[in-house]
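Trainee: Please give me a close look at a single part of this model and explain how that part meets its surroundings. I should also like to see how the reasoning proceeds from each computed value to each conclusion.

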Amino acid sequence: MIQGRNDASDSSPDPGGTPSGDVYDWFRRGTKLLEEGSPAAAAAILERAAQAEPESRSIREALARAQFNSRQYDEAAGSFRWIVDANPVEDYAYFGLGLALWRSGDIEAAQEPLAVAVAMRPDQRHYVSALKQVQATLRARRA
């Protein structure tokens, strides 16, 4: 669970490397950095938040997105897999896991989570498109 805000307004890390504020502050800063196009910085602060609140799916999803967007595909796959294991009805986590596996080069493994995401949400065109691309790549490799 994400803790509530405190009154700390300083957003710079302390000399020991821990960001100031509480976990909620870290989550907010991390998601803001992600939205502003700084995924590597977002991943760093969200990793701290995930360590402090290891059961938070919202922190883990933001971390997975930041890892993916900063091309940390293996780490993103691990974070998305954690979400899928914790809550198997999260279609976006299956989609993210499939994309992360695909980008990390494990195209064969990417097919299953993408197929699950499509089965859960066939109306999501980007899910369907990603699955079709993975399947086409696998067919081309087998031919």
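Mentor: What follows is a close account of helix α5, set within the chain and then placed beside a second helix pair.

Please keep in mind throughout that this is a predicted model. The protein chain contains seven helices and zero strands, and its pattern along the sequence is α-α-α-α-α-α-α. Of the 143 residues in the chain, 42% are buried. The exposed surface of the chain comes to about 7900 Å², with carbon and sulfur atoms supplying 48% of that area. Among the contacts with a separation of 6 or more, 40% join residues 24 or more positions apart.

We may now turn to helix α5, which spans residues 91–103, and begin with its partner α4, residues 73–86. The axes of α4 and α5 come within 8 Å and cross at roughly 155 degrees. An angle over 145 degrees counts as roughly antiparallel, and α4 and α5 are therefore roughly antiparallel to each other. Their crossing is left-handed. On the α4 side the contact involves Y73, A76, A77, F80, R81, I83 and V84. These residues meet Y92, A93, Y94, G96, L97, A100, L101 and R103 of α5. Sorted by class, this contact has 12 nonpolar, one polar and two charged residues.

Helix α5 also packs against helix α6, which covers residues 107–120. Here the axes are 7 Å apart and the angle is about 160 degrees. Because of that angle, α5 and α6 are also roughly antiparallel to each other, and their crossing is left-handed. The contributors from α5 are D91, Y94, F95, L97, G98, L99, L101 and W102. Those from α6 are I107, A109, A110, P113, L114, V116, A117 and M120. By class, the contact of α5 with α6 has 14 nonpolar, one polar and one charged residues. If you compare the two lists for α5, you will find Y94, L97 and L101 in the contact with α4 and again in the contact with α6.

One residue of α5 deserves separate attention, namely F95. Is F95 buried or exposed? Its relative accessible area is 8%, and a residue under 20% counts as buried, so F95 is buried. Leaving aside neighbours within four places in sequence, F95 touches P113, L114, A117, H126, Y127 and A130. Of these, P113, L114 and A117 belong to the α6 side of the helix contact just described. F95 and F80 are 15 residues apart along the chain, and their C-alpha atoms are separated by 8.7 Å.

The start of α4 leads us back to the preceding loop. R71 lies in the loop between α3 (57–69) and α4. With a relative accessible area of 66%, R71 is exposed. Its phi is near 65 degrees, a positive value in a residue other than glycine.

For a second example, consider helix α1 (residues 23–35) and helix α2 (residues 39–52), whose axes come within 8 Å and cross at roughly 155 degrees. That angle makes α1 roughly antiparallel to α2, and the crossing of α1 and α2 is left-handed. The α1 side of the contact consists of V23, W26, F27, R29, G30, T31, L33 and L34. The α2 side consists of P39, A41, A42, I45, L46, R48, A49 and A52. By class, the contact has 12 nonpolar, two polar and two charged residues.

Two residues of α1 show how burial may vary along a helix. T31 belongs to α1 and is buried, with a relative accessible area of 16%. Beyond residues up to four places away in sequence, T31 touches L46 and A62. T31 and A42 stand 11 residues apart in sequence, yet their C-alpha atoms are 6.6 Å apart in space. R28 is likewise in helix α1, but R28 is partly exposed, with a relative accessible area of 43%. The C-alpha atoms of R28 and I45 are separated by 9.7 Å, although the two residues lie 17 residues apart along the chain.

To return to your chosen close look, α5 is roughly antiparallel to α4 and roughly antiparallel to α6, while its residue F95 is buried.

Methods: Residues are numbered from 1 along each chain as its sequence is written. This is a predicted model: local features need pLDDT of at least 70, side-chain atom pairs count only at pLDDT 80 or more; totals for chains, interfaces and linings use all residues. Side-chain values use heavy atoms; hydrogens and water are left out. Axes are lines fitted to C-alpha atoms, for helices over the stretch in contact, and angles run from 0 to 180 degrees between N-to-C directions. Helices (H or I, at least four residues) and strands (E, at least two) are DSSP runs, numbered from the N terminus. Angles under 35 degrees count as roughly parallel, over 145 as roughly antiparallel, 65 to 115 as roughly perpendicular and the rest as oblique. A crossing is left-handed if the near helix is turned anticlockwise from the far one by less than a right angle, and right-handed if clockwise. Contact means heavy atoms within 4.5 Å. Ala, Val, Leu, Ile, Met, Phe, Trp, Tyr, Cys and Pro count as nonpolar, Asp, Glu, Lys and Arg as charged, and the others, Gly among them, as polar. Buried means under 20% relative accessible area, exposed over 50%, partly exposed in between (1.4 Å probe, protein chains only). Accessible areas come from the Shrake-Rupley method with a 1.4 Å probe; for residues, only the protein chains shown count as cover.
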